[in-house]
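Subject: Structure for you to look at

Hi,

Here is the structure I promised to pass on. Please open it alongside this email and have a look when you get a minute.

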Amino acid sequence: MKAKHPLKIQNLTIAYGEKVIQRDLNFTVNTGDIFVIIGGNGSGKSTLMRSLVGLQPPTQGTVLYEGLDFWNVDHAEHERIKRRLGVMFQGGALWSSLTLAENLALPLNQYTDLSPGLVDEIVSLKLALVGLAGYGDFYPAELSGGMKKRASLARAMALDPDILLIDEPSAGLDPLNARHLDNLILELRESLGTTIVLVTHELPSILGICNNSVFLDAETRTMIDSGNPKEAVHSGDPKVRTFLTRGEA
Amino acid sequence: MSRDDNRERWQLQTSRTGGNGLEVAFTGRWCMDQALPFPDRLAAELADGIDRLTFKTDLSSWDSGFLAFISRLLKLCEERKIRVEREGLPEGVRQLLAMAEAAPVQKLAGTGQSDESLLFRMGSAMLAVFRDGPAMLGFLGEIIISFSRLATGKIRMRWGDLWWEVEEAGPRALLIVSVISFLVGLILAYLGADQLRMVGAQIFIADLVAIGMVREVGALMTGVIIAGRTGSAFAAKLGTMQVNEEIDAFRTLGISPIDFLVLPRMVALILMVPLLTLYASFVGILAGLLISTTIFGIGLFEYYNQTVAALDLSHFMVGLVKGTVYGSVVAYSGCLRGMQCGRNATAVGEAATSAVVTGILLITISASVLTVFFYQLGI
Ligand SMILES: Nc1ncnc2c1ncn2[C@@H]1O[C@H](COP(=O)(O)OP(=O)(O)OP(=O)(O)O)[C@@H](O)[C@H]1O
Ligand SMILES: [Mg+2]
């Protein structure tokens, strides 16, 4: 995407019925950012993700993709924006009746005219990138928890999205695979120019690869900090500092 | 990568470079939103005594489509022992390829889809029924043990669960049981009227409907309805719990899922199906009465007296025994298939279907056995 701000959130309030989860969110994701949404369990990170990917309309405020009001454009435009997003759900959400290869091939067959041979090649490349080369014929039920996570990331990457939204990619991954995933994210940004929005609790990832962030607080139900997490460790809100240093500083 | 790049098409050119070298030149846009070529079209050129491949790229943009093309091309070269120099490829392509290649390839096969012939699959399905036998008996054993633990006071009935299942299986099934029993009663009356008119004994419609409903049809229809309605629900509920590892959680805590989940469901149906059977028979008889008095001109009291005379306690007993047996086999099938459920969403659907099929099969088998049994006893 050429626009400077592929994603901009203005005065966003998200709620389940009457129950407000987060209010007055304002932040901007820049092209090429690795943007992290930080917050304690239950602070509303996954819920925010849902309204960023078109699953749950916000109660107030706007979500702008390249300046387009995601929730108020016409249906065709809404769908067009969605097609440029790659989404990895917290629970994986792989289609259980399809093999891994079929899981990845489905969006490719749906939205491109590539020949079956090339689709197969893309599928095996993406599986290899997440370290699952050779697992194409497996059903999701035959994989370990961490493998499911990685497979679901591969599916999110299938169409080379402009923005990849990832909910807790590294929870349940062993340290080596978590490290590999960080490298993969960096590589996707370098090579394909993908902008990444991720939710994670992994401090090494937050401090190692993320250059921008928003911090959601569960108590006050709004954001209490934003910006580069490396700086927030020293200068941010006390709650943020406690979080980023595991309460040890 | 970017959808607003110019729309120029992909282009591909090959040229020989000194001796046995081949250079592949890529220009234009190599993105997935076009119909990209498949590298095997280069096979002929590669076969032509080539031992070295180089690239030249001047791309306006590229994405995984290009990556896949190159990756496939590399495999072709590897098969033909052609040395590839990657310098001409964009930096990003080289790095992504390196990452993909760094990951070890697992030489494992998934269970995959079976390509066997229809005959083979039919045969396996038949064998599966027999192989299932021990598991079915084992499950029956577990249930009997669980009942004996209940009888000896080692475990206590979970009244809340039982009540919930009773309500679900009984009162909520009344409407559908009423409709179907009414229609079946009506069918019996018409059937009887047609046959009995020939011997001028239309009054015996009352006997046919009453004995038919009470002894056989009431229990049978109730059993089938409950198999479709409650048996499948049991399987789906237990199957979902299996998928969510809830049943494993019981096991790891040392709690028997049979005591906790199967027992209340068994008891609920053993209590409710006989009651529903009585109710179904009553509705069926009512339908017969309505048809006979309005359409076939039989007097109301005449029909009533004939019905009362036809029925005696033994008929009710037969009906109630059948209802009890059908209730238990339906609950058994539902719980069995639910507990046997696999670990994914498809399996839950299969468990529900299989519960209904097994339920109806077992009802039919036990109906035949019981009919012969009561005939022998002379009841
Ligand atoms: N379907 C729902 N209906 C009502 N409330 C919900 C629903 N889903 C989540 N919530 C509530 O919304 C809040 C935020 O949940 P959410 O899943 O967004 O948290 P999270 O920040 O992603 O937490 P975690 O780090 O544990 O994944 C929680 O308090 C939760 O109870
Ligand atoms: Mg979450």
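Below is what turned up, starting with the ligand site and ending with a few loop residues. Keep in mind that this is a predicted model.

**The ligand site**

Ligand 1 has 14 residues around it, and the closest of them are A:Gly42, A:Gly44, A:Lys45, A:Ser46 and A:Thr47. By type, that shell splits into nine polar, three charged and two nonpolar residues. Two elements of chain A, strand S2 (19-29) and helix H1 (45-52), each put at least two residues into the shell. H1(A) gives the most, with three residues.

Some polar pairs to click on: a backbone N or O atom of A:Gly44 sits 2.9 Å from an oxygen atom of ligand 1. On the side-chain end, an N or O atom of A:His201 is 3.3 Å from an oxygen atom of the ligand, while a polar side-chain atom of A:Tyr16 is 3.3 Å from one of the ligand's nitrogen atoms. Taken alone, ligand 1 exposes 640 Å², and the protein buries 63% of that.

**Two helices in chain A**

H1(A) is worth a second look apart from the ligand. Six of its eight residues are buried, so the helix is largely enclosed by the rest of the structure. The buried ones are A:Lys45, A:Thr47, A:Leu48, A:Met49, A:Ser51 and A:Leu52. A:Lys45 and A:Thr47, then, are buried and also among the closest residues to ligand 1. Just after the helix, A:Gly54 takes a positive phi of about 90°.

Now for helix H2 (residues 75-83) of chain A: its buried residues are A:Glu77, A:His78 and A:Ile81. Looking down the axis of H2(A), they fall within an arc of 105°, so they line one face of the helix. That fits the usual geometry: an α-helix has 3.6 residues a turn, so residues three or four places apart point the same way. And what covers that face? The cover over the buried residues of H2(A) includes three strands of chain A, namely S4 (60-65), S5 (68-69) and S6 (85-88).

**A glutamine in chain B**

B:Gln34 is in the loop between strand S2 (21-30) and helix H1 (43-47) of chain B. Despite the loop setting, B:Gln34 counts as buried because its relative accessibility is 12%, and the cut-off for buried is under 20%. Its side chain reaches the backbone nitrogen of B:Trp10 at 3.4 Å. Setting aside neighbours within four places in sequence, B:Gln34 is in contact with B:Glu8, B:Arg9, B:Trp10 and B:Arg29, and also with A:Leu114 from the other chain.

**Two positive phi angles outside glycine**

Most residues other than glycine have a negative phi, which is the reason for listing the next two.

- A:Asp160 has a positive phi of about 50° and is not a glycine. A:Asp160 lies in the loop between helix H5 (145-156) and strand S7 (163-167) of chain A. With 6% relative accessibility, A:Asp160 counts as buried.
- B:Lys81 has a positive phi of about 55°, again without being a glycine. B:Lys81 is in the loop between helix H2 (64-79) and strand S4 (83-85) of chain B. At 73% relative accessibility, B:Lys81 counts as exposed.

So the pair has one buried residue, A:Asp160, and one exposed residue, B:Lys81.

Cheers

Key. Residues are numbered from 1 along each chain as its sequence is written. Chains are lettered from A and ligands numbered from 1 in the order in which they are written. This is a predicted model: local features need pLDDT of at least 70, side-chain atom pairs count only at pLDDT 80 or more; totals for chains, interfaces and linings use all residues. Side-chain values use heavy atoms; hydrogens and water are left out. A residue is near a molecule or strand if one of its heavy atoms lies within 4 Å of it. A polar contact is a pair of N or O atoms within 3.5 Å; within protein, one must be able to donate a hydrogen and the other to accept it, and residues adjacent in sequence count only if both atoms are side-chain atoms. Accessible areas come from the Shrake-Rupley method with a 1.4 Å probe; for residues, only the protein chains shown count as cover. Helices (H or I, at least four residues) and strands (E, at least two) are DSSP runs, numbered from the N terminus. Ala, Val, Leu, Ile, Met, Phe, Trp, Tyr, Cys and Pro count as nonpolar, Asp, Glu, Lys and Arg as charged, and the others, Gly among them, as polar. Buried means under 20% relative accessible area, exposed over 50%, partly exposed in between (1.4 Å probe, protein chains only). The arc is that of the directions from the helix axis to the C-beta atoms. Contact means heavy atoms within 4.5 Å.
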